[in-house]
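Q: I should like to learn how to read the aromatic contacts and related features of a protein model. Could you take me through them one by one?

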Amino acid sequence: MLSIYLAYLKTSIAVMFQYRASMLIWMIWRVIEPIIYLVVWTAVAKSRGGEVGGYTPGTFAAYYIVLMIVQQYTFTWIMHEYEWRVRSGTLSAVLLKPIHPIHSDIADNIGYKVLMTVIIFPAALFIGLLFAPVFTFHADLFILFLLAVVLSYVMRFFIEWALALVAFWTTRNEAFNQVYFLLGLFLTGRIAPLGLLPDWLREVGDALPFQWMLAFPVELLLGRLTNGEIAHGLTMQVLWLVFSFGLHRIVWWRGVRKYSAVGA
Amino acid sequence: MTMPAIQVSQLSKTYVVPEREAGLSAAFKSLIHRKTREVKAVDQISFTVDEGEIVGFLGPNGAGKTTSLKMLSGLLYPTSGEAHVLGHIPSKRHRDFLSDITLVMGQRNQLVWDIPVIDSLERNRAVYRVPRSDYQSTIDELTELLDLGELLQKPVRNLSLGERMKCEIAAALLHRPSVLFLDEPTIGLDVTMQRRIREFISAYNREHGAAVLLTSHYMADVEALCDRVIVIHHGRVLFDGPLTDLVARFSPHKTIQIELDTESADLSEYGDVVEQEGARYKISVDKAVTPEVTGRLLADLPVIDLTVEDPPIENVIEQVFSSENAES
């Protein structure tokens, strides 16, 4: 299995080098997006006498820098790919291979992240110089943070992989994807830290996995959570991980049956 | 002898397709009540293919050939009936099964578009768990048989159609499958390339004793490769047997070609004169009377040269399909 992953990684990195320009453009967007929110929230905090919802311009900066890094390491683009795979018939080739297709997707995802590591940290440093984040480092929190990021990544991967398979039932899942991303924009803590959201929206968020993907690891590292909240968050991550793992198994099995029934 | 490589019995596939009339009102109606229609793509076909056999799978477009190949390679669930390939049920897509077959269909299956061919091959090597030592010898063999040479270092998108097909086939055979499903392996290629691929399939079959089931619209492929053909039409098997039997059964005529010393002979009493070119004549005669007509021609006329031929295989196939149409 390891040698298969190595071969996958080699090809996916080779393919990415072929698309240097578009990779760079996506990357720029990933850096600019948090800067936009950061600029807005810094202005809001200043106009409110230097603080909003417990965040100062300095802690906002720390929040968005960490968020950018966590987002970078946990995001997937698989939901945009499956419709094309099903429609173009490339899925047939994948189904003929004696290996589950999720492995090449995982390898692609890891390959991209390895490659982008060389960009994301200088970018974080650059934003740090511009916005002067206020940040205290706690070694014990950092270890828990790493655990939370890994759990977030795996959980997010299975959820989004399972949702990508909606493409088996509809050939127009871009609309469905938009709903997912819009919810995510608010409920992962991207557009604003969750503490700033109205109560009703946070209640909606509690029933969904989004906050455990980004907001939780970020707030954990920044020392904004109590021990009880950390334990609760890690538990929720594990529960969502178990759920999404089961979900991807069921959806894949039924999806392939469907695909094979109507014509590949 | 062990069981056959491919065993198919009463295999059927019915598609349910939405049916909708043109126009906006019909589009609205279909929102509420979807009309569907069943299409029998494959209708209770049965056959077996032994190890080492090359069988041609013939039929017009839409006859059910590709659907059958997809069922046999595990991409489609059959609606009813059974298929066994190398002892496996294809639709279960067991890893051992997938590791021992290949399906070549179109030109976009095996290779990663943006990287050199050799990198795609290396990727397949890992996926199929081919040991390094076997890998190198297989690459050498494929390179020689298919004349891949410097193609291996080129990115796939820079290859011509024929070059891509050769590389596609190489990638599909890297794991040395025992059963090959080839759907139009020579389509769109020039005559030289077609011959090359044909020779390759034949050599692979000889050397590895693989069972090959192939479809092709080029009769030259079929004549060169297949001792046996299965003709399907409207999802049903019309004929299964040696190519020569197909001709014997479905072509009631033979063509007699004669050369006389005169250009003005009237041969209509012997049979249908289908062609005359100077002193060369072609007459189509009923198969049963061919010996007798030949005898009379030789006795009655100053014959310089005479040959008796079967009609071209294309015409025979056409005949098979049209006779089926007449029946149904």
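A: The dialogue below treats ring pairs, charges over rings, a surface patch and a division into domains; the model is predicted.

Q: How is a pair of aromatic rings described, and how many aromatic pairs are found over all chains?

A: Such a pair is described by the distance of the ring centres and the angle of the planes. In this structure, a search over all chains finds 26 aromatic pairs.

Q: How are the rings of A:W41 and A:F60 arranged, and where in the chain are these residues?

A: Planes under 30 degrees apart count as stacked. The planes of A:W41 and A:F60 are at 15 degrees and their centres 5.6 Å apart, so this pair is stacked. A:W41 belongs to helix α2 (residues 20-47) of chain A and A:F60 to helix α3 (residues 57-74) of chain A. With these positions 19 residues apart, the pair links distant parts of the chain. Both A:W41 and A:F60 are buried.

Q: Which aromatic cluster includes A:W41 and A:F60?

A: One cluster is formed by A:Y37, A:W41, A:Y55, A:F60, A:Y63 and A:Y64.

Q: Why is the pair of B:F200 and B:Y204 classed as it is?

A: A plane angle that is neither under 30 nor over 60 degrees counts as tilted. The rings of B:F200 and B:Y204 have planes at 40 degrees and centres 6.3 Å apart, so the pair is tilted. Both residues are in helix α7 (residues 191-208) of chain B; because they are 4 residues apart there, about one helical turn separates them.

Q: Are B:F200 and B:Y204 buried or exposed?

A: Buried means under 20% relative accessible area. B:F200 has 1% relative accessibility and therefore counts as buried. B:Y204, at 2%, likewise counts as buried.

Q: Which charged residues lie over the rings of B:Y77 and B:Y135?

A: For such a contact, the charged end is located relative to the ring centre and the ring normal. A:R257 lies over the face of B:Y77, 4.3 Å from the ring centre. Over the ring of B:Y135 sits the charged end of B:R125, at 5.8 Å from the centre.

Q: Which residues make the nonpolar surface patch?

A: A:L24, A:I28, A:W29, A:I32, A:I36 and A:V40 make a nonpolar surface patch of about 550 Å². Among them, A:W29 is found in helix α2 of chain A. A:W29 has a relative accessible area of 47% and is partly exposed.

Q: How is chain B divided into domains?

A: Chain B comprises domain 1 (6-247) and domain 2 (252-309). Taken over C-alpha atoms, the centres of these domains of chain B are separated by 43 Å.

Methods:
Residues numbered from 1 in each chain as written. Chains lettered and ligands numbered in written order. Predicted model: local features only at pLDDT ≥ 70, side-chain atom pairs only at ≥ 80, totals over all residues. Heavy atoms only, no water. Phe/Tyr/Trp six-rings, centres within 6.5 Å; stacked < 30°, edge-to-face > 60°. Helix = DSSP H or I, 4+ residues; strand = E, 2+ residues; numbered from the N terminus. Buried < 20%, exposed > 50% of the residue type's maximum accessible area, 1.4 Å probe, protein only. Lys NZ or Arg CZ within 6 Å of the ring centre and 35° of its normal. Domains from an automatic or database assignment. Patch = residues over 30% accessible without salt bridge, like charges linked within 9 Å, V, L, I, M, F, W, Y side chains within 5 Å. Areas by Shrake-Rupley, 256 points an atom, 1.4 Å probe, with all protein chains shown as cover. Salt bridge = Lys/Arg side-chain N within 4 Å of Asp/Glu carboxyl O.
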